[in-house]
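Let's walk through this structure together, beginning with the ligand and moving on to the empty space and the aromatic rings. Have the model open and ready to turn.

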Amino acid sequence: MKIVKTVAEVREQVRAWRAEGLTVGLVPTMGYLHEGHASLIDASVRDNDRTVVSDFVNPMQFGPTEDLETYPRDLDHDAALVEAHGGDLIFNPEPGEMYHEGFSSFVDMTVLTQELCGLSRPVHFRGVCTVVSKLFNIVTPDRAYFGKKDAQQLAVIKHMVDDLNMPLEIIGCPIIREDDGLAKSSRNTYLSAEERQAALILSKSIKLGMELVKKGETDSSKITGEMTKLIESEPLAKIDYVKLVDLATMQQIPALDRPALCAIAVYIGKTRLIDNFFTEDV
Ligand code: AMP
């Protein structure tokens, strides 16, 4: 397993693999890897001859008041995890390697990004689409792996690849959770012991929503209303959104009459956490 810092080194390695006729999978991450990331690496190792993991805290997808400076980083830990899961290369560039002076080209999207997280994080998806496009151009993977944990991001990337005829396949992977239900996230490290306990309200409300869908409830406002009531019972929780949206458009729907996503974003103290379920997975 190799760690490289430059675009040129990634290109050289991928060129050598291609010359041998090998396929390449890409797992884009912001590092501080956990079992959620590991599940994407496992899927890539299963499907491809070689796996590249990008490990880059992308400044462009953070808003001015967000946690860019405090975002956790630990390259040694990440390297051990990638190696243990059979990854072949970590691309860990400095911001200047990705965004040279005078950088001024962006990939943006007018639909899908105006809902859910796009409302509270207005520059986020432009940063995500731009960096992911760059990574696709640098690594030229056959397949790229994204978690359903970031369901809107997965939908946005799939839409971008389709719109721009990018020649690769996007694979969505299930949410990996702690034993008590909390979705694994690098941001969970921000939580105090008390907040960590309070954060369980996210997965509990997701479970409640799934149970209602399983029982046959199709009225969106009934489902989100019950979930909201439960989250509001936790004093440390402050809701950003609890929504049921059309999976294709990310627009809210009054009834569950098509493939839908139930997505929530909740502040636990200062930490903003997200969780979701796809109705097709219930
Ligand atoms: P991040 O490093 O948080 O930007 O995440 C990198 C990738 O890992 C994204 O595609 C995430 O959706 C995915 N991911 C993060 N947490 C999880 C999780 N708990 N389960 C599955 N995938 C995850």
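In this predicted model, the ligand is surrounded by 17 residues, and the closest of them are H37, G147, D150, I176 and K184. Three of these are good places to zoom in. Start with D150, where an N or O atom of the side chain is 2.6 Å from an oxygen atom of the ligand. Then turn to H37: here too the side chain is involved, with an N or O atom 2.9 Å from a ligand oxygen. G147 makes its approach through the backbone, placing an N or O atom 2.9 Å from an oxygen atom of the ligand.

How much of the ligand does the protein bury? On its own the ligand exposes 490 Å², and the protein buries 93% of that. Two or more residues of the surrounding shell come from each of strand 2 (24-29), helix 2 (35-47) and strand 5 (143-147). Helix 2 is the leading contributor, giving 3 residues. Sorted by class, the shell holds 8 nonpolar, 6 polar and 3 charged residues.

Now let's leave the ligand and look for enclosed space. Rolling a probe the size of a water molecule over the atoms reveals where empty space remains. Searching the whole structure for cavities of 30 Å³ or more turns up 1, and the volume of the largest cavity is about 50 Å³. To find it on your screen, select K149, L182, A183, S185, N188, L202, L273, I274 and D275, which line it. Strand 9 (residues 271-278) supplies the largest share of this lining, with 3 residues. The lining is made up of 5 nonpolar, 2 polar and 2 charged residues.

Our last stop is the aromatic rings. Across the whole structure, 5 aromatic pairs are found. Take the one formed by F56 and Y99: the ring centres are 6.3 Å apart and the planes meet at 40°, so this pair counts as tilted. Where in the chain do F56 and Y99 sit? F56 belongs to the loop between strand 3 (50-55) and helix 3 (75-84), while Y99 is in the loop between helix 4 (95-98) and helix 5 (117-120). With their positions 43 residues apart in the numbering, the pair links distant parts of the chain.

Note on methods. Residues numbered from 1 in each chain as written. Predicted model: local features only at pLDDT ≥ 70, side-chain atom pairs only at ≥ 80, totals over all residues. Heavy atoms only, no water. 1 Å grid on protein atoms, 1.4 Å probe; cavity = no way out; pocket = protein on both sides within 12 Å on 5 of 7 lines; lining within 4 Å. Points joined across faces, edges and corners; volume = space filled by probe spheres on them. Helix = DSSP H or I, 4+ residues; strand = E, 2+ residues; numbered from the N terminus. Nonpolar A, V, L, I, M, F, W, Y, C, P; charged D, E, K, R; others polar. Near = heavy atom within 4 Å. Polar contact = N/O pair within 3.5 Å; in protein donor to acceptor, adjacent residues only side chain to side chain. Areas by Shrake-Rupley, 256 points an atom, 1.4 Å probe, with all protein chains shown as cover. Phe/Tyr/Trp six-rings, centres within 6.5 Å; stacked < 30°, edge-to-face > 60°.
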